[in-house]
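Biologist: Can we go through this one together? I have a few short questions, starting with the charged side chains.

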Amino acid sequence: MVSSSKESKSEVGRRNFLKTAVVAGAATTLPDEVSAADSPTQAIKSDAQTKRGLAAPSTEQMNMEASTLDQLAEASSEQLASSNSADTASSFGSDFMIDVMKSLDLDYVFSNPGSSFLGLHESITVYGGNSKPEFITCMHEESAAAMANGYYKAALKPAAIMCHGTVGLQHAAMNIYNAWCDRVPLIAILGNTIDAADRMGGTTWRHSAQDPAAMVRDFTKWDDQPASLQAFAESMVRGWKISTTPPMEPIALTVDSTLQEMKVDDRDGLAIPKFTPSEPPQGERGAVRETAGLLVDAESPVIIADRLARTPEGMSLLVELAELLNAPVIDIASRQNMPTKHYLNQTRQSGRLISQADLILGLEVTDFWGQINSVNRAEMTSEPRVKEGVKLITISVNDLYMKSNYQDFQRYAPVDISISGDAEATLPVLIEEVKEAMSRSRSRALSRKEKMFRKMHADSFEESRQLAASGWNSSPVSTARMCMELYEQIKTEDWALVSVGASERFVSSWPHRLWDIDEHYRYLGIGAGGGVGYGLPAAVGAALANKELGRFSVNIQCDGDFMYANGALWTAAHHRIPLLTVMHNNRAYAQETMLVQGTANRRKRGVDKAPIGTVIQDPNIDYAKLAEGMGVWSAGPIEDPEDLRPALIEAVKVVKSGYPALVDVVTQMR
Amino acid sequence: MKMTALANILIFLCLFGANFAVAQDIAIERGEQTYMRVGCYECHGTDGKGNEAGPPLTPDTLPPEAIANFVRFSPGRMPVYPEEILSDAEISDIVAYLDSVKPSPDADSIDILRGLVSEEN
């Protein structure tokens with residue numbers, strides 16, 4: 001019985017090796033395939049400098065590869081099903097761990113291979129059939145963490161990362177912090193060898209720690225280092241539950257290599273606890289009722305939403321609340337809370353509306369203080385931008401967010417009513433109470449504001465449309481032209497802007513000004529911790545989720561951010577993740593150029609040194625060539641805006657055929 | 001006699017005009033260099049067409065005196081440019097450069113922007 005099982009697994013292992021070999025082979029042959037004249041995704045080859053040779057294969061080749069891969073995967077799955085059904089006993093501790101992960105319906109583990117989690121790695125690919133979870137090969141642990149972040153925001157389902165508890169976690173830490181600041185659940189599995197007697201030689205020692213999770217404890221919600229397989233099962237399910245309960249945050253689970261290798265003789269003696277998601281905490285009814293009454297009576301209420309919409313339902317609820325009150329919404333858009341073309345989306349008028357408001361309701365706003373005060377960073381001064389007597393109300397889980405070292409909780413904001421509860425979960429009650437408090441005459445009175453807000457929305461949109469024309473033919477390409485040419489090519493797809501890096505302001509917020517962002521999934525927010533190296537891998541993770549959901553993923557990629565984690569492009573090529581990346585290549589860390597210059601101005605010491613350390617020139621980086629080297633279709637660098645449209649048309653074709661593509665656009669700073 | 005005088009005047013005007021044009025070209029070139037060196041392009045674009053970080057400076061560029069007054073005492077996000085960093089003469093050159101920039105097309109003449117509407121319905 002035991003030997004039979006081993007044979008089956010060896011066979012599966014061999015098949016997986018074949019599958020891997022096909023994938024690797026396909027990836028390495030890609031650049032040569034593109035020159036095929038009949039390729040639907042043929043490169044724009046007329047100018048080697050601006051429109052580069054590509055990595056996309058022909059349709060036949062793609063079909064053949066996909067077919068071969070599917071057959072191998074199918075054979076592999078059948079073999080596994082056979083082996084697993086014939087021998088239900090797990091052989092090793094790591095096999096049981098995979099059973100636990102499967103019970104949670106974990107789709108993906110983003111990882112760079114490492115010896116402290118060899119057992120788990122082998123169990124994922126062989127015992128688990130490399131499905132639920134599938135091992136996604138990452139070229140850096142920082143990329144792995146960002147991919148898990150982006151994946152969650154698109155799929156609304158947690159993913160795991162797996163890394164050494166020492167060197168791997170040090171790499172991953174930055175994007176775990178970004179996930180922490182972004183309130184994103186993430187399961188970090190950390191390899192470790194706890195028993196020093198089990199450590200075989202120098203590296204094993206260097207890759208072991210007494211308490212690996214200590215490094216990220218300040219920005220994870222919970223962690224554990226289970227000492228038995230039963231404890232692992234309970235910790236994994238508990239961690240999943242804690243991570244996905246608002247405020248959602250990453251958790252870390254250290255997994256002992258000795259435990260992974262432990263022979264399991266009595267699989268039936270191990271139990272996997274049932275996972276039941278926690279209902280998000282709802283705001284206290286009395287406080288919500290009081291808030292509803294104040295909202296109905298207010299003459300100029302303003303709603304500010306930041307991470308309100310955890311799900312598409314959050315957007316629907318916000319629209320309903322805003323329409324009931326005819327209250328303008330300012331969408332900070334760490335998640336897409338309000339459709340951009342809804343007349344009550346008055347984000348562009350935030351300064352004016354906040355200063356005139358008699359009531360401001362903040363929904364999951366991380367920096368509420370920053371919304372009600374104006375700050376002059378250069379002078380390091382601030383002053384309230386709200387009028388005296390304004391009622392300030394917040395609904396959020398911020399007060400349930402209990403870590404102190406890292407200061408992302410922002411400055412303390414005194415308010416009149418503070419409701420601790422998940423805003424999305426609280427909105428149904430608030431809406432019910434608003435309806436209860438609303439008389440017919442009050443409703444009629446409030447409805448008279450509609451015309452004014454429609455006009456404000458139209459005027460603001462028109463102003464943006466006119467501004468977008470300014471510099472339309474400029475070279476370097478204006479960010480307006482880049483964003484609108486891109487939108488023109490994707491607007492008929494079921495598109496999703498999966499990343500804009502650390503701030504949409506880097507492209508002058510053109511997507512939110514002029515794109516029709518009408519669904520929650522069309523915009524996923526930013527790298528919340530401001531840690532560079534988020535954009536590309538987060539986009540790849542989100543695109544992986546969108547691939548299954550049939551969405552067309554787009555990434556506007558800043559050049560500085562790109563250079564931190566560009567290996568994510570290879571992951572996209574290797575795993576056939578369709579993603580259109582458009583480089584916002586302003587050849588600088590532009591934000592820093594501006595800040596250094598501002599400082600030099602203030603000190604009256606000249607400004608011509610501001611580019612030192614802040615520009616990415618001499619030599620200019622050829623991102624298209626870089627992408628091509630990783631098997632990704634590419635075009636550029638594009639300096640003439642007239643070259644942009646044909647390149648984007650070709651890139652869209654490549655992405656629709658299931659592959660990543662990159663268009664390098666040399667742009668204005670903002 | 002009259003013809004000679006008229007010819008002289010014409011020659012003078014041509015030379016003056018040519019010299020003026022050359023001087024203007026030099027001012028434009030100097031202005032562009034200064035514009036880039038002191039970092040105006042970072043927020044206002046390489047040809048003054050603006051973006052979210054800084055408004056368009058062209059067309060309808062303000063006169064040098066108005067710009068000088070603004071940059072010397074900027075109250076907002078705009079960094080202050082004291083005389084030591086940016087002289088009045090340099091500001092005049094920058095204005096010459098901005099005046100020389102080709103105007104952008106109107107939004108309605110651009111196919112992509114023409115059909116955009118503010119609301120879904």
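Biologist: Is A:Glu493 buried or exposed?

Modeller: This is a predicted model, and in it A:Glu493 counts as buried because its relative accessibility is 19%, where the cut-off for buried is under 20%.

Biologist: Which residue does A:Glu493 form a salt bridge with?

Modeller: The partner is A:Lys656, and the closest N and O atoms are 3.0 Å apart. The pair links distant parts of the chain, 163 residues apart. A:Glu493 sits in the loop between helix 17 (479-490) and strand 14 (495-499) of chain A, and A:Lys656 belongs to helix 24 (residues 644-656) of chain A.

Biologist: And A:Lys656, buried or exposed?

Modeller: A:Lys656 counts as exposed, at 53% relative accessibility.

Biologist: Which residues do salt bridges with shared partners join into one network?

Modeller: That network consists of A:Arg481, A:Glu485, A:Glu642, A:Arg645 and B:Asp111.

Biologist: How many salt bridges are there over all chains?

Modeller: The count comes to 39 over all chains. One of them joins the side chains of A:Asp107 and A:Lys132, at 2.4 Å from N to O. These two are 25 residues apart, and each is in a loop of chain A: A:Asp107 between helix 3 (93-103) and strand 1 (108-111), A:Lys132 between helix 4 (118-127) and strand 2 (134-137).

Biologist: What are the relative accessible areas there?

Modeller: A:Asp107 has 10% and is buried. A:Lys132 has 35%, so it is partly exposed.

Biologist: What about A:Glu320, who's its salt-bridge partner?

Modeller: A:Glu320 pairs with A:Lys435, with 3.1 Å between the closest N and O atoms. A:Glu320 is in helix 11 (residues 312-325) of chain A and A:Lys435 in helix 14 (residues 423-437) of chain A, so the salt bridge ties together parts 115 residues apart in sequence. Both side chains belong to partly exposed residues: A:Glu320 has a relative accessible area of 31%, and A:Lys435 has 45%.

Biologist: Switching to cavities. How many of 30 Å³ or more turn up?

Modeller: A search of the whole structure finds two. The largest has a volume of about 180 Å³.

Biologist: Where does the largest cavity lie?

Modeller: It lies between domain 1 (89-269) and domain 2 (285-449) of chain A, because both give residues to its lining.

Biologist: And which residues are nearest its centre?

Modeller: Of the 17 residues in the lining, A:Arg183, A:Met248, A:Arg307, A:Arg310 and A:Arg335 lie nearest the centre. The lining as a whole divides into eight charged, seven nonpolar and two polar residues.

Biologist: Different spot: where is A:Gln336?

Modeller: A:Gln336 is in the loop between strand 8 (329-331) and helix 12 (350-356) of chain A. Its relative accessible area is 0%, so A:Gln336 is buried. From A:Gln336 to A:Asp306 the distance is 8.3 Å, C-alpha to C-alpha, with the two 30 residues apart in sequence.

Biologist: Last topic, cysteines. How many disulfides does the structure hold?

Modeller: Zero, over all chains.

Biologist: And A:Cys181 and A:Cys558, buried or exposed?

Modeller: A:Cys181 is buried, at 6% relative accessibility. A:Cys558 is buried too, with a relative accessible area of 11%.

How values were computed:
Residues numbered from 1 in each chain as written. Chains lettered and ligands numbered in written order. Predicted model: local features only at pLDDT ≥ 70, side-chain atom pairs only at ≥ 80, totals over all residues. Heavy atoms only, no water. Disulfide = S-S within 2.5 Å. Buried < 20%, exposed > 50% of the residue type's maximum accessible area, 1.4 Å probe, protein only. 1 Å grid on protein atoms, 1.4 Å probe; cavity = no way out; pocket = protein on both sides within 12 Å on 5 of 7 lines; lining within 4 Å. Points joined across faces, edges and corners; volume = space filled by probe spheres on them. Nonpolar A, V, L, I, M, F, W, Y, C, P; charged D, E, K, R; others polar. Domains from an automatic or database assignment. Salt bridge = Lys/Arg side-chain N within 4 Å of Asp/Glu carboxyl O. Helix = DSSP H or I, 4+ residues; strand = E, 2+ residues; numbered from the N terminus.
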